[in-house]
Amino acid sequence: MEGVVAGLLAGCSGVFAVLMARAVRKGRAAGPSPRALALAAGVALTALAGIGSGLAALWRPDVLVGGVPLPAEIPLVCVFLVALLYLPALLRPPQRRDAPARLRVGLDTLGVWASIMYAGWMLLFTVGERRGASITALIFGGGAIALAAVTGVHALRHRAALQWCGTAAALSLTGLTALVIARDFPGRPNAVIAGLAAAVAINVAAAGLWHGSVRTAPDTRPVPPPGSESIAGFPLLGLLVLGSALATVYHLINGGHLDSISIMLGAVAITAVAVREWVSATALRRQARHLTDQGNRLRSLMFGSTEVAMILDANLAVRWQSPAAARQFGLSEQEVLGRTVSVLVHPDQIEAVHDYLTARMEQPQASALPVRLRDGFGRWRQTEWTTTGADPAEPGATLVVHIRDVTNTHDLEQALSQVTHLDPQTGLANWEGLSRAADLIPDAAAMIVVELGGLTAVGDVHGRDLAEVVLVEAARRLRSRVGDADVPARLTETRFAVLTHCGAIRAQLMAGQLVNALSAPYLAGRTVAHLSAWAGLADLTADNGTDEVIRRASLALRSVRSGPPGAVEWYETEMEARLLRRSTLEQDLPGAAGRGEIDVSYQPIFELPGRRPAGIEAVPAWRHPTVGPVAAEELLALAEDLGLLATVGHGVLRTACGLLAGWRRLHGDLWLAVNVRPRELVDPAFQAALQTALEEHDLPPSALVLEIAEQHLSDVRDEAHQPPVEEISSALGRLRAQGVRAAVDNFGTGPTTLSRLRILPIDLLKIDREVLDPALSFRRPGAVMDVAVTLGRRLGLEVIAQGLEDDADLDAAQTAGCRLGQGNLLGRPMPAERLEALLAEHHDTGRR
């Protein structure tokens with residue numbers, strides 16, 4: 001019954017075989033899958049051998065197979081099969097050893113096998129019957145146990161895993177061999193204990209094999225060089241020899257004796273130990289001589305080298321320094337030797353140097369550390385420290401430190417850094433310096449970009465020297481008005497930037513202060529220079545680099561650059577679309593007229609009492625292929641900025657005059673209104689083109705009305721390129737003398753004074769719809785319209801109600817006595833063909 005229990009207990013190890021196979025199938029094995037599968041198969045076969053042996057002991061204890069009891073034959077066969085599964089798995093990957101190391105491994109294997117054979121033979125076969133199954137299991141199983149144990153203990157590659165697997169495989173084979181012997185000698189008193197111990201050993205070994213093949217990574221520790229493995233100096237079979245000696249003493253005390261075979265096996269074991277120790281001692285002496293030679297060579301190199309080297313002990317105290325230390329740093333041995341290296345290091349770096357050297361002593365790495373070192377004269381020198389591991393003469397407790405003087409290199413790098421990152425004229429950071437500062441300041445909040453206007457004019461008028469003085473003063477003002485943690489920079493000739501930690505509100509205030517400070521007069525000698533300034537701001541975010549933030553702030557600056565000086569604007573996403581649209585239009589406008597993209601629509605102007613067409617306004621528009629329609633106001637403003645106003649305006653004038661000549665055959669008093677810009681009006685080429693168009697189409701000058709927006713007639717001009725009002729008035733006077741009439745467009749929306757309206761040569765007033773819209777005034781709209789109409793009559797001007805959208809607008813205009821009206825209620829801007837049909841319809845109605 002005890003045999004059945006032992007067999008079933010051994011069979012429990014099969015659980016680990018299932019776990020190992022399952023880990024391989026799911027890809028969870030830490031080691032190679034073939035190794036885990038082979039070991040799992042060995043564990044499973046061992047478990048089956050235990051179960052089969054236990055069942056055979058219960059049901060067929062007397063059955064013999066070749067003279068061997070069946071309960072012993074089953075595990076005996078499995079010893080061979082399990083060894084064939086274990087050993088190939090443990091011998092992969094092959095270990096790279098030198099010849100002495102391979103000889104030591106072979107001697108260890110021989111010694112372990114001889115020790116196992118000696119103890120087993122002495123205890124089993126010197127007294128009593130010698131059975132073939134036990135002898136076979138002891139010979140073959142002992143060899144497999146020795147090979148598995150030595151392979152695991154001496155592993156260099158996959159060392160951590162193989163140490164587990166090799167030891168566990170040896171224990172598993174030991175348990176299986178013991179099971180064979182226990183079943184082969186069922187009558188011995190200790191057979192039951194041996195069987196139970198074998199079953200326990202099999203289960204423990206299965207757990208070890210599972211851990212080593214599934215849970216242990218093969219290369220968790222670095223592979224030592226051949227011949228330097230930690231077990232190389234310790235005989236593995238020492239413990240087995242000691243155990244064999246104790247077993248011999250026990251056997252002799254209990255009346256046993258030693259036969260010739262046991263004596264021979266003991267001699268083989270002792271000889272293996274002796275030879276192995278001789279080989280190890282020879283290898284150690286050879287390695288010691290090599291290390292001594294290397295140490296002496298290293299010291300000779302250090303004595304002749306110009307590089308400073310120091311050897312530190314485990315407490316980081318200086319044990320030796322090269323002669324170059326005295327030549328380069330003036331450090332005598334009396335000042336350095338025996339003292340910790342921290343006495344040479346700047347106080348701010350003591351902790352960092354200590355951590356660096358401690359880490360390199362534990363694990364050498366090829367990295368350098370910049371250190372400020374105090375030389376023998378008390379000066380601080382810039383040095384660079386590197387380590388090369390331990391002193392070969394004393395490995396394990398020392399550290400070799402190389403110190404290189406980089407003071408001159410450091411000074412040169414600083415000088416180059418200043419040239420690279422600073423603006424030479426102002427001393428502010430340049431673009432590269434600002435980008436580097438932004439990378440080093442993670443908590444910066446905003447970027448301010450400031451543009452100076454008028455600096456080029458100062459240089460042109462007063463000379464380059466004065467412009468440079470003004471530039472330096474502007475940089476000083478900029479630097480004095482930012483915080484200590486902020487970074488001022490110069491981006492271009494007239495553009496500055498400030499990287500600030502301030503939030504949005506404080507950054508806005510700072511930008512306003514900078515603009516005001518930079519706009520204040522500059523006094524240089526007897527000359528006073530005046531500059532203008534604008535500012536754009538953008539937030540700094542982790543997603544955007546410095547260049548992107550500067551670009552965004554520059555876009556915000558560009559959006560206010562055309563406005564009055566002193567403006568400050570934050571970047572908004574919509575600016576991208578507006579500027580992209582503007583850029584696209586600027587690129588495409590020069591060829592738009594030639595491509596036929598400039599369309600002209602015509603909006604009729606009616607006499608309100610009879611709804612009879614009195615005039616027509618030409619409304620140009622740009623039919624852009626990608627952007628879409630561009631209205632007249634935007635088109636003319638863009639053409640004026642690009643210097644293309646003559647091209648667009650002349651084309652519209654010629655086209656409209658040609659059509660007007662045909663329409664006047666049906667309506668002889670029909671007149672044409674054309675919008676003009678002030679710069680176009682005062683241009684002599686426009687006046688010549690006007691006369692040409694009138695003569696070419698045989699039109700009287702009175703048939704043409706030039707409309708000028710009210711905001712262009714005021715003294716307050718938003719754009720510096722607009723001509724003065726006096727010049728506009730003179731041009732209108734000359735045209736009026738020729739018979740061409742003029743109209744003020746959008747009257748009521750601008751700051752035109754009544755006195756100026758009285759003296760300007762104007763013939764018509766176009767009252768803007770804002771005067772009529774009740775939503776834009778808390779007073780009665782009709783009252784304001786009455787005043788405008790009365791004013792026009794008193795000044796001898798014809799009044800046109802512009803922008804009539806609904807019946808309420810029409811009633812207000814008629815009640816006020818306005819004779820002419822224009823708006824979508826009466827007729828929207830339309831192509832020439834539709835207008836021509838409209839005119840023909842009114843002509844036919846008038847005839848009836």
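These are my notebook entries on what I looked up in this predicted model.

**Overall make-up.** I began with the whole protein, for which I noted 29 helices and 23 strands. Of its 848 residues, 46% are buried. I then turned to contacts between residues at least 6 apart in sequence, and found that 68% of them join residues at least 24 apart.

**Helices H24 and H25.** I next looked up how helix H24, residues 684-696, packs with helix H25, residues 725-738, and noted an angle of about 15° with the axes 12 Å apart. Because angles under 35 degrees count as roughly parallel, I entered H24 and H25 as roughly parallel to each other. The crossing in which H24 passes H25 is right-handed. On the H24 side I listed Gln687, Leu690 and Gln691 as making the contact, and on the H25 side Ala731, Arg734, Leu735 and Gln738. Sorted by character, the residues of this contact are three nonpolar, three polar and one charged.

**Glutamine 321.** I located glutamine 321 in strand E4, which covers residues 318-321. Is this glutamine buried or exposed? Its relative accessible area is 3%, so I recorded glutamine 321 as buried, the cut-off for that class being under 20%. A polar atom of its side chain lies 3.1 Å from the backbone oxygen of leucine 331. Leaving aside residues up to four places away in sequence, I found that glutamine 321 touches Ala309, Met310, Leu331, Ser332, Glu333, Val336 and Leu337.

**Valine 204.** I placed valine 204 in helix H8, residues 191-215, and noted that it counts as partly exposed at 48% relative accessibility. I also looked up its separation from serine 13: the two residues are 191 apart along the chain, while their C-alpha atoms are separated by 8.2 Å.

**Backbone entries.** I checked the peptide bond from arginine 92 to proline 93 and found it to be cis, with omega near -5°. Proline 93 sits in the loop between helix H4 (70-90) and helix H5 (99-124).

I then looked at arginine 611, whose phi is near 55°, a positive value in a residue other than glycine. Arginine 611 belongs to the loop between strand E15 (598-607) and strand E16 (612-624), and with a relative accessible area of 38% I entered it as partly exposed.

Where does asparagine 746 lie? I found it in strand E20, residues 741-747. The phi of asparagine 746 is likewise positive, near 55°, in a residue other than glycine, and its relative accessible area of 22% makes it partly exposed.

Technical notes: Residues are numbered from 1 along each chain as its sequence is written. This is a predicted model: local features need pLDDT of at least 70, side-chain atom pairs count only at pLDDT 80 or more; totals for chains, interfaces and linings use all residues. Side-chain values use heavy atoms; hydrogens and water are left out. Axes are lines fitted to C-alpha atoms, for helices over the stretch in contact, and angles run from 0 to 180 degrees between N-to-C directions. Helices (H or I, at least four residues) and strands (E, at least two) are DSSP runs, numbered from the N terminus. Angles under 35 degrees count as roughly parallel, over 145 as roughly antiparallel, 65 to 115 as roughly perpendicular and the rest as oblique. A crossing is left-handed if the near helix is turned anticlockwise from the far one by less than a right angle, and right-handed if clockwise. Contact means heavy atoms within 4.5 Å. Ala, Val, Leu, Ile, Met, Phe, Trp, Tyr, Cys and Pro count as nonpolar, Asp, Glu, Lys and Arg as charged, and the others, Gly among them, as polar. Buried means under 20% relative accessible area, exposed over 50%, partly exposed in between (1.4 Å probe, protein chains only). A polar contact is a pair of N or O atoms within 3.5 Å; within protein, one must be able to donate a hydrogen and the other to accept it, and residues adjacent in sequence count only if both atoms are side-chain atoms.
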